[in-house]
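Let's walk through this structure together, one piece at a time. Keep the viewer open as you read.

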Amino acid sequence: MPSSLNATTKKNPVLQKRDSIQTGWLAAWRRRVRRWALKRRPAQSSFVLDRNNLFIFPTGAGFALLLIIFLMWLLGTNYDNNLVLALAFLLASILISCILHTHASLAGLKIEVSKLQEGFAGDELGAELRLSRQGKRKYHDVRLFWAGQYPKAVTVDQADASYVSLSINAVRRGIIEPPLLCVESRYPLGLLRCWAWLKFDTSVLVYPKPIEAGPLPATASDEGSGDSEPVLLDGAEDFSGFHSYRDGESLKHVSWKHYAQGKGMFVKDFQSYADEQLWVDWDALPGMGREARLQRLCDWLLILADGSQPFGMRLPGQTIAPAIGMSHRLNCLRALANFEANQLASLSSNYYLEGKL
Amino acid sequence: MSLIYQIPRPALWWLLLAQAAVILPLMQYLPLWLLAVWALCVGWRIQVVRGVFDAPKVMVKVPLALCMVAALVLSYGKLFALEPLVALLLLAFLLKLLELQSQRDVLLLLLLGFFVASTQLLFSTSIIAFLYAIISFTFLMAAFMALHTATATHSFWHSLKTSSVITLQAIPLALVLFFIMPRIGSLWTVPLSDGSAKTGFSDSMEPGNISQLSKDYSPAFRVDFTDKKAPVQSSLYWRGLSLSSFDGRRWELPFQDRDDNIRYRRIAQEQKKLNYDWQVDFASYRRKDSSPYIDYQVMMEASFQPWLFALTTASVTAKDVLNTPDYLFLSKRPVSQRFLYQARSYPEFKRQSQSLGPSERYQNTLLPKGSNPRASALAQQWRSAGDSDRKVIANAMRLFQREFTYSLQDTLLSELNPVDDFLFSRKRGYCEHYASAFVVLMRAADIPARVVIGYQGGQWNDEEKYLLVSQADAHAWAEVWLPEQGWTRVDPTSAVAPERIELGFRDYIQQSSTSIEQNGFAELRQSPLLMQLQMQLDAINYSWQSWVLSYDQDQQMIFFQKVLGGQEHWRIVAALMGASTFMLALLALWLWWRARPEAPAAELVPWLELEKKLAAVGWNREPGETPQQFTLRIAGQRPDLEVLLERYTKMAYTLLYTPIGSDQHQQLLKDLAGLRNSIRV
């Protein structure tokens with residue numbers, strides 16, 4: 001369940017920093033590669049990293065080492081020093097074999113999304129990844145991040161799967177898919193970077209972002225149609241009668257007066273009527289856009305769900321009967337999230353590449 | 001607020017360890033105060049990491065660096081030579097420690113470390129130095145690893161372990177590159193080491209300076225005879241240079257020849273213009289088929305002197321080496337690293353047998369006026385008795401044989417008239433005394449004569465079939481010019497101590513005779529065990545030199561010819577690609593082998609087979625779904641399969657709990673296979 005009710009409006013400083021890094025021709029080129037990779041690979045529910053989805057390229061350190069190798073080769077050649085040459089060749093050989101080592105530091109790793117938590121638009125949604133190995137190899141220092149975020153490093157050395165908790169930005173209400181996941185490794189020497197961009201076909205529901213809508217309109221409480229049947233609800237205020245005590249029942253409402261008189265154990269019943277129910281009502285917010293209404297409805301819903309009164313929800317073409325409790329709250333939130341979800345703009349390719357709309 | 005970069009702790013420790021490993025061997029060749037600079041930098045860096053000090057400001061760093069450079073220039077007196085340049089590089093490597101503001105700085109420091117670690121091989125090319133360089137590379141790589149692995153779950157030593165494995169795995173490919181990667185010669189001239197420690201003898205001879213080499217068993221050069229047969233010791237006179245100028249005590253090169261560079265240029269110019277008689281003689285002699293010769297290859301240790309060594313009357317083929325008129329060899333630059341050359345000697349060739357030019361005759365009969373009067377008087381007395389040149393030589397030899405002792409003791413003669421002092425009062429001495437006295441006697445008798453210094457003998461290594469000549473074999477002898485004979489070698493030492501010439505120096509001192517015990521040779525003796533050990537070590541060194549150090553362009557061509565069957569480009573490229581691919585394929589195979597999917601447990605196989613069959617038509621078990629849930633899900637869509645799938649799942653579960661190998665187990669396997677076939681998806 002989403003834990004924070006206060007939608008975060010402040011920008012994430014980490015993301016801002018990463019944006020500033022990704023300018024210039026190099027970043028533009030990287031984006032091109034990613035866009036290409038996005039088109040090329042279909043979405044899947046799980047990936048085993050192998051030749052088909054891994055890329056590999058030297059890092060800045062790798063290129064710098066290449067320069068050092070060249071300088072050593074010059075030194076060895078000019079001084080006719082075979083040993084310096086041999087060392088240059090050894091370094092070159094290390095650089096070359098690191099291509100295999102770095103590739104092997106990801107190849108064979110299986111990645112799937114094990115859990116995606118629903119949440120409010122603008123929040124960070126918990127996304128748990130399951131990493132498992134196919135053979136005996138341990139995977140050191142695997143870095144994972146959703147497009148546009150900072151990486152998290154993990155070592156997969158357990159015989160059974162390891163789990164990594166990341167979070168994705170809920171960019172809008174409705175059903176969203178996570179952006180591309182980057183899995184990368186520079187193990188062992190940081191001379192090369194091996195990476196894969198993965199598109200998962202899982203999706204998650206995002207509730208509207210609650211925006212303060214003021215107090216519930218007074219009409220909302222007695223707008224209920226008069227002919228509706230009284231409904232028995234636990235936790236209501238009005239006393240309606242007695243029933244005999246059943247094992248396991250709370251002692252709170254036991255009529256101790258009757259018990260003291262030796263008439264047996266009775267429990268007081270309380271009753272509430274639908275007429276006094278609260279409604280989160282679409283029509284209470286006339287003249288607003290769809291999303292603006294949903295956001296305010298969401299705010300009311302959260303306030304009511306914290307209270308002890310039962311409440312219902314009315315959306316065009318959909319009514320949720322009044323009730324109370326966590327599952328009711330969830331039903332209402334999902335109804336808001338799904339409301340005309342098919343009319344929402346679909347996620348752009350930019351979202352998959354950058355993690356934002 | 002800007003964040004201050006913090007280098008990961010393990011990376012810092014590895015960095016400092018690697019730096020120590022890189023610096024230590026260089027301290028043999030560079031000023032020791034650099035060690036103090038390093039200590040300062042390390043101390044400062046550690047205090048910064050602990051948060052006690054601030055990182056040094058520019059105001060401190062720049063003057064500090066400038067002071068260090070100035071100190072370097074002061075201690076060397078120049079900057080453009082090998083040692084100061086390497087020291088400068090090392091200084092940059094040390095001072096960079098004060099400036100680690102980002103990961104990039106750390107990387108730069110480590111990369112510089114690779115370069116600095118390889119410079120130590122410019123000073124020493126021993127196996128130990130090379131292995132040490134590889135070890136310091138491994139340390140640097142460990143620092144690289146520690147810097148790049150963010151998850152600090154592994155132990156401190158994990159980095160070193162992994163980088164060692166990577167290094168070892170890289171060696172086969174490095175060997176391929178080493179042998180096949182085409183060599184090109186030097187691209188431009190580079191400052192060479194000026195050899196602060198010159199070895200061997202100098203370009204002059206005075207009493208005492210050859211005898212002090214007798215304690216030095218370091219190798220001077222090694223000789224590989226083409227016929228691989230042990231040569232006769234007494235014929236092994238390795239001529240180095242001839243000294244014809246005498247001031248009464250000290251033998252030197254003639255005045256005009258003392259600067260090696262000028263001498264080289266002068267001879268080179270002369271030889272370009274004219275063909276000298278001595279050259280023409282030798283060339284025509286070499287062309288004759290009947291001339292006997294000996295072929296050999298000399299691998300010379302760095303001597304930091306320009307002359308090479310060869311047996312009597314040799315022709316040497318090597319780059320930038322000149323033949324001098326006295327049939328010796330002068331290299332353009334001092335031999336500052338191991339040097340390999342081919343030589344062919346013609347022992348029976350008569351040098352300048354026709355005539356001796358007047359200036360040469362004058363130079364080789366000149367004695368300073370008034371010095372060593374008694375020796376001159378003695379020689380003139382022989383001469384006036386009407387003796388021939390040969391008779392005079394014989395007189396001198398007989399004199400030495402009768403009354404003189406071969407000795408290492410008491411080698412410093414009186415300042416005034418040292419030859420008289422030697423001939424008439426001390427009567428004991430080392431080879432340089434005999435050579436000097438003999439030439440003085442000859443010149444006084446008007447026979448052209450000169451002193452030759454070089455090495456005599458050597459130690460034969462019977463296992464590896466080569467001759468090791470060490471500094472202790474240094475020797476001085478004489479050459480006299482006789483009509484018809486030309487320049488002829490006369491070794492007065494052979495008259496005094498013939499065993500020295502016949503056995504070679506090392507074996508000579510191993511003997512036990514009273515003359516050896518009394519004359520200072522016994523204390524140079526080594527235990528036979530030590531000698532044996534030294535010989536074996538030297539054999540390893542020799543193989544190292546002949547296989548690794550001297551593998552140059554020419555050797556590579558021979559290698560291509562032998563192994564690849566030719567030197568065409570396509571062969572080289574194909575060999576390079578083929579061999580590297582093979583090596584990399586081996587590594588890839590090993591990596592794949594370690595990551596290969598493990599075979600599932602036997603009792604799970606039937607269930608997995610079913611999953612495979614279902615997956616083929618698009619039914620995949622979700623993570624976290626039990627087999628029962630999975631089959632129920634499918635049954636929802638294909639009610640016709642419900643019974644079969646349910647039975648199969650049940651049996652597959654039963655299989656988990658039946659002991660493997662039992663009859664029941666076998667039966668279950670068979671039933672499952674049958675059932676699986678009857679499920680039609």
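**A tour of the two chains**

Leaving aside residues up to four places away in sequence, Thr488(B) touches Ala478(B), Glu479(B), Val480(B) and Leu482(B), where contact means heavy atoms within 4.5 Å. Thr488(B) sits in strand β17 of chain B, residues 486-490; helices (H or I, at least four residues) and strands (E, at least two) are DSSP runs, numbered from the N terminus. The side chain of Thr488(B) also reaches the backbone oxygen of Gly486(B), at 3.1 Å.

Before going further, some ground rules. This is a predicted model, in which local features need pLDDT of at least 70 and side-chain atom pairs count only at pLDDT 80 or more, while totals for chains, interfaces and linings use all residues. Residues are numbered from 1 along each chain as its sequence is written, chains are lettered from A and ligands numbered from 1 in the order in which they are written, and side-chain values use heavy atoms, with hydrogens and water left out.

How confident is the predictor in chain B? Its pLDDT (the predictor's confidence in each residue, from 0 to 100) has a mean of 86 in chain B, and 96% of the residues of that chain reach 70 or more. Within chain B, confidence is highest in strand β13 (residues 449-456), at 94, and lowest in helix α18 (residues 514-518), at a mean of 73. In chain A the mean pLDDT is 81, with 84% of residues at 70 or more. Two stretches deserve your caution: residues 1-21 of chain A have pLDDT below 50, with 34 contacts in the model beyond near neighbours in sequence. Residues 219-236 of chain A are also below 50, and that stretch has 27 such contacts. Where pLDDT is low, the predicted coordinates should not be read in detail.

Now for the layout. Chain B is divided into domain 1 (9-148), domain 2 (206-538) and domain 3 (602-678), with bounds that come from an automatic or database domain assignment. The centres of domain 2 and domain 3 of chain B, taken over C-alpha atoms, are 95 Å apart.

What happens where the two chains meet? Chain A and chain B bury about 4900 Å² between them, 72% of it on carbon and sulfur atoms; buried area is the accessible area (1.4 Å probe) that two parts lose on being put together, summed over both. In chain A, the residues that lose the most area to chain B are Asn78(A), Tyr79(A) and Leu83(A), together 15% of what that side buries. The contact takes 48 residues from chain A and 62 residues from chain B. Between the chains there are 10 residue pairs in polar contact, both at pLDDT 80 or more. A polar contact is a pair of N or O atoms within 3.5 Å; within protein, one must be able to donate a hydrogen and the other to accept it, and residues adjacent in sequence count only if both atoms are side-chain atoms. The elements that give two or more residues to chain A's side are α3 (60-78), α4 (82-104), β6 (139-146) and β7 (152-156). Of these, α4(A) gives the most, with 17 residues. The count of salt bridges between chain A and chain B is 0, a salt bridge being a side-chain nitrogen of Lys or Arg within 4 Å of a carboxyl oxygen of Asp or Glu.

Turn next to the inside of chain A, which is divided into domain 1 (13-57 + 104-207), domain 2 (209-233 + 274-344) and domain 3 (238-271). The contact between the first two takes 10 residues from domain 1 and 16 residues from domain 2. Domain 1 and domain 2 of chain A bury about 990 Å² between them, 62% of it on carbon and sulfur atoms. Phe120(A), Arg173(A) and Tyr207(A) supply 63% of the area that domain 1 buries there, more than any other three residues. The count between these two domains is 2 salt bridges. Arg173(A) and Glu291(A) meet through their side chains in a salt bridge (2.9 Å, N to O).

Two backbone details round off the tour. Tyr187(A) and Pro188(A) are joined by a cis peptide bond, with omega about 0°, and Pro188(A) lies in the loop between β10 (181-185) and β11 (192-198) of chain A. Asp141(A), in strand β6 of chain A, has a positive phi near 55°. Most residues other than glycine have a negative phi, and most peptide bonds are trans.
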